[in-house]
Structure formats: structure tokens, C-alpha cells
Amino acid sequence: MTTRWRLHRPDEAGSILVIAMVSLALLTVIGMLAIATGTLESEISGNEKTYQEAFYSAELGLVGGQTLIEALPNRGALQEGTLPGRYASGTLRFNATTFQLEKQGDTPSVWNKLMWDETDSEKVTGVPDGLKRAAVVPYHTIEAREFTPDTYAIGIAYGRSGVYRFHVSARGTGSSPTAHAQLETIYAKRF
């Protein structure tokens, strides 16, 4: 007579079901984490694009200000203090605490936040199609800084010829109004 051995242990009944349920729960958690990671990556990519738009918009504002300076026939044509966005030397400052550009108030000790609109700055016209999605068109300000007269070694013309330096600031906004960039540069032109 042949003896058959049974490999059945009564204390392990249903263990395969428990292992399958734990594996299924683990795979569900991994799937949910993958979806959350993908969503987060998509949001990061969208934010990066919005801030790139703001940077390019501000850069367009700088170019607009530099182009305006380059088109001036003489130094007096800037007309600082009489046109929006054109300021005399020392009337603008950057507040490093609030990270904002400020203009001098009625008294020399009072500084007010510069509003990037038609009252305090100049709007850039001719925005390219790629930046038309921006929430706000770019603005720029020009502040006359200093004058370096020509010396006899460089040459001198009649009148006061020399190099004028201008401080150009610009603010651009991306497709979200919360994404904005502010850039500044020094631009020099000989008159």
C-alpha cells in the first residue's frame, strides 16, 4: 500500500488571500503616489512657465525704456518729472525690505510705493504675440542718474557734451497676476 502525504496545514488556511489583499493595497498606494507626483510636476511646470512669461515681459519693458532713451534727440527731451515714468536723479529708490521700487513723496523723507500703472510708469506698446497672454502689459520707468562730461583727452564739442547714465526699471507680469518680475539696468548714452 502506498502512503500519500498531504501538505495541508490547518493553521495557514486563507494566507494567500491575506497576501493578495496586502499586495493590492500596496499597489494602490503606489499608484496614488504616482498620480500625486505627476500632478505636482505638472503644477511646477505651469508655475515655471508663468514666471518665465513674467521675466520675458519685464525684459521687454527694459528694452522699451532703452529704446525710448536711444530715440531721444537731446538730454532735455526726456522731460523727467513732467511725463509718467520719467524721474529726476534721486527720486527713485529700491526698498530692500519690501522688495519694491519707491518714489519720493512731497517731502524728501517720505517715500511712496511706485504703482506700476499709467500714473507712475510708462506702458510698453507693441507687445509680441507670445507675451499677449500676460495678465498686465509691461511697464518701465526711467530715472536720470549722472552726467560724465567729456574731457579734453576724449574730445569736447560746443556745449556740455558727455555721457548721461539712466536707470531703467521694468516690471512684467505672467499669465497669472501673482507672477511678476522686476528688472533694472543702467543705460548710457552720449549726447
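Welcome to this predicted model. A good place to start is Lys103, which is partly exposed, with a relative accessible area of 22%. Its partner is Asp120: the two side chains meet in a salt bridge at 2.6 Å, N to O. From that pair we can move out to the overall layout, the nonpolar cores, the other charged pairs and the aromatic rings.

**The Lys103 and Asp120 pair**

- Asp120 sits in the loop between strand 4 (111-113) and strand 5 (122-123), while Lys103 belongs to strand 3 (residues 100-104), so this salt bridge ties together parts that are 17 residues apart in sequence.
- Buried means under 20% relative accessible area, so Asp120, at 4%, counts as buried, whereas Lys103, at 22%, is partly exposed.

**Overall layout**

- The chain's secondary structure comes to 1 helix and 8 strands, and reading along the sequence gives the pattern α-β-β-β-β-β-β-β-β.
- Out of 191 residues in the chain, 29% count as buried.
- The chain exposes about 13,000 Å², and carbon and sulfur atoms supply 60% of that area.
- If you take the contacts between residues at least 6 apart in sequence, 57% of them join residues at least 24 apart.

**Nonpolar cores**

- The largest nonpolar core has 15 residues, and among those with the most contacts inside it are Leu62, Leu68, Ile69, Ile142 and Val168.
- Two or more residues each come from helix 1 (15-70), strand 6 (139-149), strand 7 (162-173) and strand 8 (180-190).
- Helix 1 is the biggest giver here, with 5 residues in this core.
- Val168 shows how these parts come together: leaving out residues up to four places away in sequence, its contacts include Leu62, Gly65, Ile69, Ile142, Leu183 and Tyr187.
- A second core, separate from this one, has 6 residues, including Leu101, Leu114, Trp116 and Tyr139.
- As general background, nonpolar side chains tend to be buried together in soluble globular proteins.

**A nonpolar patch on the surface**

- Not every nonpolar side chain is tucked away: Leu17, Met21 and Leu24 make a nonpolar surface patch of about 330 Å².
- Within that patch, Leu17 lies in helix 1 and is exposed, with a relative accessible area of 58%.

**Other salt bridges**

- The salt-bridge count for the model comes to 7.
- Arg75 and Glu80 form one of them, with their side chains meeting at 3.0 Å, N to O.
- In that pair Arg75 is buried, at 18% relative accessible area, and Glu80 is partly exposed, at 26%.
- Another salt bridge joins the side chains of Lys123 and Glu118, at 3.1 Å, N to O.
- Both partners of this one are partly exposed: Lys123 has a relative accessibility of 38%, and Glu118 has one of 44%.

**Met115 in the loop**

- Met115 is another resident of the loop between strand 4 and strand 5, and with 40% relative accessibility it counts as partly exposed.
- Setting aside residues up to four places away in sequence, Met115 touches Asp120 and Ser121; Asp120 is the buried acid from the opening pair.
- Met115 and Glu102 are 13 residues apart in sequence, and their C-alpha atoms are 8.6 Å apart in space.

**Aromatic rings**

- Searching the whole structure turns up 3 aromatic pairs.
- The rings of Phe55 and Tyr56 have centres 5.8 Å apart and planes at 65°, so this pair is edge-to-face.
- Phe55 is partly exposed at 34% relative accessibility, and Tyr56 is partly exposed at 43%.
- Tyr164 and Phe191 make another edge-to-face pair, at 5.6 Å centre to centre with 65° between the planes.
- Tyr164 lies in strand 7 and Phe191 in the segment after strand 8, so their pairing ties together parts that are 27 residues apart in sequence.
- Tyr164 is buried, at 15% relative accessible area, while Phe191 counts as partly exposed, at 21%.
- Phe147 joins the picture too, as ring pairs link Phe147, Tyr164 and Phe191 into a cluster.

Key:
Residues numbered from 1 in each chain as written. Predicted model: local features only at pLDDT ≥ 70, side-chain atom pairs only at ≥ 80, totals over all residues. Heavy atoms only, no water. Core = buried A, V, L, I, M, F, W, Y, C linked by side-chain atoms within 4.5 Å. Buried < 20%, exposed > 50% of the residue type's maximum accessible area, 1.4 Å probe, protein only. Helix = DSSP H or I, 4+ residues; strand = E, 2+ residues; numbered from the N terminus. Contact = heavy atoms within 4.5 Å. Patch = residues over 30% accessible without salt bridge, like charges linked within 9 Å, V, L, I, M, F, W, Y side chains within 5 Å. Areas by Shrake-Rupley, 256 points an atom, 1.4 Å probe, with all protein chains shown as cover. Salt bridge = Lys/Arg side-chain N within 4 Å of Asp/Glu carboxyl O. Phe/Tyr/Trp six-rings, centres within 6.5 Å; stacked < 30°, edge-to-face > 60°.
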